[in-house]
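Please open the structure in your viewer and keep the selection tool at hand. The stops below are meant to be followed in order, one selection after another.

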Amino acid sequence: MTQATEEERRLAMLLAERLGLVLPAAAVEGVVANQRLLARHHAVVREAAQGEAR
């Protein structure tokens, strides 16, 4: 797992704040890693769905 960028950390904290959640600083790296994983999964699913539509 690569280190989260400052932008990724900032966005994770902003999202947590908007949702009314408290995100401990120690958890930010894990949250960013999960966001990256979900983004990759979403891209794969979207690509597969487009392939089936063809």
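Begin by selecting Glu7 and Arg10, whose side chains meet in a salt bridge with 2.9 Å from N to O. The model you are looking at is a predicted one. Both Glu7 and Arg10 belong to helix α1, where they sit three residues apart, about one turn of the helix. An α-helix has 3.6 residues a turn, so residues three or four places apart point the same way. If you colour by accessibility, Glu7 is partly exposed, because its relative accessible area is 44%, and Arg10 also counts as partly exposed, at 43% relative accessibility.

Next, select Glu8 together with Arg36, which form a salt bridge whose closest N and O atoms are 2.5 Å apart. This pair links distant parts of the chain, since Glu8 lies in helix α1 and Arg36 in helix α2, 28 residues apart. Glu8 counts as partly exposed, because its relative accessibility is 23%.

Now move to Glu6 and Arg9, another salt-bridged pair, with the closest N and O atoms 3.3 Å apart. Because they are three residues apart in helix α1, Glu6 and Arg9 are separated by about one helical turn. Glu6 counts as exposed, with a relative accessibility of 57%, whereas Arg9, at 25%, counts as partly exposed. Add Glu29 to the selection, and you have the residues Glu6, Arg9 and Glu29, which salt bridges with shared partners join into one network.

How many salt bridges does a search of the whole structure find? The search finds four.

With these pairs in view, select the whole of helix α1 and place a distance between its end C-alpha atoms, which are 18 Å apart. This agrees with the expected span, because the 13 residues of α1 should span 18 Å at 1.5 Å a residue.

Continue just past the end of α1 to Gly20, which takes a positive phi of about 75°. From there go on to Leu21, placed in the loop between α1 (6–18) and α2 (28–53). Is Leu21 buried or exposed? Leu21 counts as exposed, because its relative accessibility is 52% and the cut-off for exposed is over 50%.

For the last stop, keep Leu21 selected, add Leu15 and Leu19, and switch to a surface view, where these leucines form a nonpolar patch with about 300 Å² of accessible area together.

Notes:
Residues numbered from 1 in each chain as written. Predicted model: local features only at pLDDT ≥ 70, side-chain atom pairs only at ≥ 80, totals over all residues. Heavy atoms only, no water. Patch = residues over 30% accessible without salt bridge, like charges linked within 9 Å, V, L, I, M, F, W, Y side chains within 5 Å. Areas by Shrake-Rupley, 256 points an atom, 1.4 Å probe, with all protein chains shown as cover. Helix = DSSP H or I, 4+ residues; strand = E, 2+ residues; numbered from the N terminus. Buried < 20%, exposed > 50% of the residue type's maximum accessible area, 1.4 Å probe, protein only. Expected span 1.5 Å × (residues − 1).
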